[in-house]
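This report introduces a structure to a reader who has not met it before, beginning with the ligand and ending with the cysteines.

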Amino acid sequence: MSFVEKPVISKVSTKKINLLGYDLAHMKAFFTEIGEKPFRAVQVLKWIHQYGVDNFEQMSNVSQTLRANLAKIAIIKAPEIIMEQKAGDGTIKWLMRLDSGNSIETVFIPEDNRGTLCISSQVGCALDCGFCSTAKQGFNRNLTADEIIAQLWIAHRQLRKLAADSNAGGVEKLPTRKNGVKKEISNVVLMGMGEPLLNLDNVVEAVHLMLDDHAYGLSKRRVTISTAGVVPALKRLREECDVSLALSLHAPNDKVRDSIVPLNKKYPIHEILDACRYYFNGNTKKKQFIIEYVMLAGINDSEKNARELAVLLKKMPCKINLIPFNPFPESGYECSKIQAINRFKDILQQSGYVTMVRKTRGEDIDAACGQLAGKVIDKSRRSI
Ligand code: SAH
C-alpha cells in the first residue's frame, strides 16, 4: 500500500499532474477519479515505464478521446539531461536539471553480468559524513517520487539509444532477458546523493515502480536502499517495501563511528543493528544485507578494527563490502593502503564473512562513491 497523498484532479487547479512518479495504486486512484476503469492504469504504466513514452498520443491502445483528455490534465515529465559523461571503463554519468534549478547526478555501471544504476534520493545531503563530498554541499531538498523514478526512466532511454548505436561501448555485454531483449539495467542502488530513509515516502513509491512487473519488474534482491541507519525509518520500511539493504556502517564501535557519521550520535550502532535484524526477520534469501565500510587510513582500518567488526556482526546474515575511500579536495582523509585493505578483508573472511573490496568505477568522471555532485553547481552553470 502506498501512503503518499497525491493531488487529485481539482476543477480549480490549472497545473497538470505529472504521472511519471505514480505507482500502480496511485495510477488506479487517478483513473477512478477521472471516471475511467482502473485497467487504464496498467496500460499507461506500461507505456511510460516499459516503452519510455512521454506523449499520450503514442499510447495506441488508449482511446483517442481519453488520450486527448489526459493531455489536458496530465503530463509525463522528467528532468532535462544537461550533461552525459562516459568514463574509460564504460561507466556513464548523467547530470540532470530539476525544475527548481537544482541538479542531481545518476551513474550507470556496466559489468559483465549486470548493469547497475546508482540513483540519488535528495539534492545534497544533511548527514554531513566527513568522508563524503556530497555532504560538503549541504542539503537542499528531497526529490519527489517522479524525480527519483525519472533517473531510471531516463537511463533506460539513453542506454537504448546507445545500444542502437553500433559504436556503443560497454552496453553490448549486458545481460539478456529470457525473451532475448537486452536488460540494460538489472540492478538499482540508492547510493547516489542523499539519505533515502530521510525521504521515505517518495523513495517507497519509486521503489514500487522499480519492482512492478508493469513497470521495470526488477527483483527485490536487485534493488538496494543504502542508509547510514535512520532507525525509525528502517522499522517503517519493513512494512512498506521489501528490498535489499546496504548499511553504511564504516566503523566497528560507536567512538569511531561518532567521529565520521554524525547521525550515529542519534542512533548508535546497537540500535541500528537491532532495526536491521527486525527488517530482515532472519530472512536474507529474497533480499540481501550488505555492510558497507569505507576504508580510511588510520581511522577505521586496523587489524584490531577488523576483529572488532567481526565480533560486532556475529550472527548478522550479511556480506561485507570494503570501499576504498575516494579522495576529494580538503576531505582531510586518506585511503587505506592496499595492504591494510587486504589484511582487513582476510580477517573478516577468516571469521566467516563473505567480504569484497569494491572496485572503484568511473573515477575519471567523478562518478565514484562519495564523489557525486561535488561540482554540480559549477557544472550546471557552465553548461547553460
Ligand atoms: N546516505 C546513504 C547513501 C549515500 S552514500 C548512505 O549513507 O548509505 C553511498 C555510499 O558511498 C555509502 O556507503 C557512503 O558511505 C559511501 N561513500 C561516501 N563518500 C565516499 C567516499 N568519498 N569514498 C568512498 N565511499 C564513499
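## Contacts of the ligand

In this model, which is predicted, a backbone N or O atom of N326 lies 2.9 Å from a nitrogen atom of the ligand. The protein covers 96% of the 530 Å² of accessible area that the ligand has on its own.

Two side chains also approach oxygen of the ligand: an N or O atom in the side chain of S248 is 2.5 Å from an oxygen atom of the ligand, and for an N or O atom in the side chain of H250 the distance to an oxygen atom of the ligand is 2.6 Å.

## The surrounding shell

Around the ligand there are 19 residues, and the closest of these are F131, S226, S248, H250 and N326. Sorted by character, the shell consists of nine nonpolar, eight polar and two charged residues.

Which elements give two or more residues to this shell? They are the strands β10 (223–227), β12 (289–295) and β13 (319–324), and S226, one of the closest residues, falls within the range of β10 (223–227).

## Cysteines

A search across the whole structure for disulfides finds zero. Two cysteines can nevertheless be described by their accessibility. C241 has a relative accessibility of 5% and therefore counts as buried, since that value is under 20%. C335, by contrast, has a relative accessible area of 26%, which lies between 20% and 50%, so this residue is partly exposed.

Technical notes. Residues numbered from 1 in each chain as written. Predicted model: local features only at pLDDT ≥ 70, side-chain atom pairs only at ≥ 80, totals over all residues. Heavy atoms only, no water. Near = heavy atom within 4 Å. Polar contact = N/O pair within 3.5 Å; in protein donor to acceptor, adjacent residues only side chain to side chain. Areas by Shrake-Rupley, 256 points an atom, 1.4 Å probe, with all protein chains shown as cover. Helix = DSSP H or I, 4+ residues; strand = E, 2+ residues; numbered from the N terminus. Nonpolar A, V, L, I, M, F, W, Y, C, P; charged D, E, K, R; others polar. Disulfide = S-S within 2.5 Å. Buried < 20%, exposed > 50% of the residue type's maximum accessible area, 1.4 Å probe, protein only.
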